Amino acid sequence: MLTEFGKILIFFILGAVFVAGGLITSWILRPNRPYPEKNRPYECGEEPVGNAWVRFNVRFYVIALIFLIFDVEVVVLFPWALVYRQLGLFAFVEMAVFLLILIVGFAYVWVKGDLDWDKPKPVVPQVNRPMQTIQEPVVKNEPVAT
Amino acid sequence: MIPFWIILLKIVVVLGVLMTAAALVTFLERRISAFIQNRIGPNRVGPQGLFQIMADLVKLVMKEDIVPTAANKTVHDIAPMISISIALCTFAVIPFGNTIELFGYQVKLIIADVNIGILFILAMTSMGVYGVSLAGWSSNNKYSLLGGLRSSAQLISYELAMGLSIIGVLMVAESLRLDQIVMHQTRYLVGWLPAWNLFVQPLGFVIFFVAAFAETNRLPFDLPEAEPELVGGYHTEYSGMKFGLFMFAEYANMITSSALITTLFLGGWHIPFSENWGVSPLVMSLLQVLAFCVKVSIVVFFFIMVRWTIPRFRYDQLMNLGWKVLLPLSIANVLGTGLAILLISS
């Protein structure tokens, strides 16, 4: 007996066959002429500067943490929503208390400014080696002859 | 007991229609954008340029597959396959019609009638993050990495609002099965208004709709691939058929989202007042499938219209909308729905 998820598996396998067919046809037909310049990371034609696997803004991490808390909340809400009509007022009060606790946490995060995706203040890069002294052209404020 | 070949026939037909529709929508998007921008658009290949789809496919297949030397090749290959398989799989639980009598069998017009349909769809859309973020990371390109990061943050932010807006629908329908949710919408509210969730849950509909735009990376939320700042975003380093798979996944996702919006909020395959028409059951079933397709097409058309009408958000605006507007609104929607159900039932 084929279960319902078995049907999803068949659906998935047939889709994979279509996709693999496309990829294999392309693999047979396409040209393959790589050379170092072609395989360089694209940076608008410039020489790539450094590696792309660098540290990124910590806000992405904070957002992921907040998401985790609220996603668990959504998961808790699903079974509650299904039996809500049978339980009535009791369920409503229970969930209102639960949501209230989460709303307090949400308000805390909001007030702390963790949800603000503000533009970072520009930091002038500091260079360790001494800057070359450049002779600045002296501007003379000579009175303009009228 | 339905024989295996009918199940297989159903799967092949749905898969074929879904893939054809995704290819057709790429073409329609170009024609509609041309219409909106007062251009002509592709109209040379075949009638009204319809064979442009085939020409594009041949072009994508014939293109060289360029993988940067510094990239992680395995992950670079796997990422588009994750995207496409998830885009296709989600459609398996969406009911596209009621039952139909086929070769003497009562066939339900849904591929997999699982009892946790909504949870399956939410799990699948969560998996969608992996395709994009892995593609962005593995390319070893700064634009790709930024696109992938933005996309992960955006998808998880809007997923919350999406999940919470579905809660309201579940409280009304009291089932996770998508066919039950559609059945629940075939009643009437006050005699002339069908009990579609669009009218029962208007706020939830708006939140879900906005979140669906963000989940499919469509404008005005297409920050992951914002052309003027990120070149191509996460698929900057993709070419040939692998790029084609990403494009295909985007359009398949769009169709699946439209089908989901139709199922959850627009009454699915239900045609209002069709109960008194007195047509034969077979014709009725076919009409319902047609109605489903028409509703999905209208939502897809709306997706395309919005893309060519509204400018792109800035990233902080996107995050503000997701966290400070949609999330509180969706929590309020859950509480409001609960209160309304209490008041009505007492």
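Me: Which elements give two or more residues to the nonpolar surface patch in chain B?

Reply: Keep in mind that this is a predicted model. The patch covers about 580 Å² and is built from B:Leu24, B:Leu28, B:Val45, B:Leu50, B:Phe51, B:Met54 and B:Leu57. The elements that put in two or more residues are helix H1 (4–36) and helix H2 (52–62) of chain B.

Me: Is B:Leu28 buried, partly exposed or exposed?

Reply: B:Leu28 is one of the patch residues, and it sits in helix H1 of chain B. Buried would need under 20% relative accessible area and exposed would need over 50%. The value for B:Leu28 is 37%, so this leucine is partly exposed.

Me: Moving on to the pockets, which element supplies the largest share of the lining of the largest pocket?

Reply: That pocket holds about 1,200 Å³ of space. Its lining takes two or more residues from helix H1 (4–29) of chain A, and also from H1, H2 and helix H10 (240–265) of chain B. The largest share is nine residues, and the element behind it is H10(B).

Me: Which residues are closest to the centre of the largest pocket?

Reply: The space there is about 1,200 Å³, with 41 residues lining it. By class, that lining splits into 19 nonpolar, ten polar and twelve charged residues. The ones closest to the centre are B:Thr26, B:Leu60, B:Gly244, B:Met247 and B:Phe248.

Me: How many nonpolar residues are in the lining of the second largest pocket?

Reply: This pocket has a volume of about 720 Å³. Its lining has 29 residues, with B:Val17, B:Leu18, B:Val289, B:Phe292 and B:Cys293 nearest the centre. Two polar residues and one charged residue are in that lining, and the nonpolar count is 26.

Me: Which element gives the largest share of that second pocket's lining?

Reply: Three elements of chain B each supply at least two residues: H1, strand E1 (99–102) and helix H11 (281–307). The largest share comes to 13 residues, and the helix that provides it is H1(B).

Me: What about closed spaces: what is the volume of the largest cavity?

Reply: Searching the whole structure turns up two cavities of 30 Å³ or more. The largest of them is lined by 22 residues, and B:Gly128, B:Glu215, B:Thr216, B:Ala249 and B:Asn253 are the closest to its centre. Its volume is about 340 Å³.

Me: Which element contributes the largest share of the lining of the largest cavity?

Reply: In chain B, helix H3 (73–89), helix H4 (117–138), helix H5 (142–173) and H10 each supply at least two lining residues. The lining as a whole has eleven nonpolar, nine polar and two charged residues. Seven residues make up the largest share, and they come from H10(B).

Me: How many charged residues line the second largest cavity?

Reply: This one has a volume of about 30 Å³. The residues around it are B:Val93, B:Ile110, B:Ala112, B:Asp113, B:Val114, B:Gly117, B:Arg177, B:Leu178 and B:Asp179. Five count as nonpolar and one as polar, and the charged ones come to three.

Me: Where does B:Asn38 sit, and is it buried or exposed?

Reply: Most residues other than glycine have a negative phi. B:Asn38 goes the other way, with a positive phi near 60 degrees. Its place is the loop between H1 and H2 of chain B. Exposed means over 50% relative accessible area, and B:Asn38 has 72%, so it is exposed.

Me: What is the relative accessible area of B:Glu174?

Reply: B:Glu174 has a positive phi too, about 60 degrees, although it is not a glycine. It lies in the loop between H5 and helix H6 (178–184) of chain B. This glutamate is partly exposed, and its relative accessible area is 30%.

Me: And chain A: what percentage of its residues count as buried?

Reply: Chain A has four helices and zero strands, and its elements run α-α-α-α from the N terminus on. To count as buried, a residue needs under 20% relative accessible area. Of the 146 residues of chain A, the buried ones make up 25%.

Key:
Residues are numbered from 1 along each chain as its sequence is written. Chains are lettered from A and ligands numbered from 1 in the order in which they are written. This is a predicted model: local features need pLDDT of at least 70, side-chain atom pairs count only at pLDDT 80 or more; totals for chains, interfaces and linings use all residues. Side-chain values use heavy atoms; hydrogens and water are left out. Patches are made of residues with over 30% relative accessible area and no salt bridge: like charges are joined within 9 Å, nonpolar side chains (Val, Leu, Ile, Met, Phe, Trp, Tyr) within 5 Å. Accessible areas come from the Shrake-Rupley method with a 1.4 Å probe; for residues, only the protein chains shown count as cover. A salt bridge is a side-chain nitrogen of Lys or Arg within 4 Å of a carboxyl oxygen of Asp or Glu. Buried means under 20% relative accessible area, exposed over 50%, partly exposed in between (1.4 Å probe, protein chains only). On a 1 Å grid over the protein atoms alone, a cavity is a set of points where a 1.4 Å probe fits but cannot get out, and a pocket is an open set with protein on both sides within 12 Å along at least five of seven lines; lining residues have an atom within 4 Å of a point. Grid points are joined across faces, edges and corners, and a volume is the space filled by probe spheres set on the points. Ala, Val, Leu, Ile, Met, Phe, Trp, Tyr, Cys and Pro count as nonpolar, Asp, Glu, Lys and Arg as charged, and the others, Gly among them, as polar.
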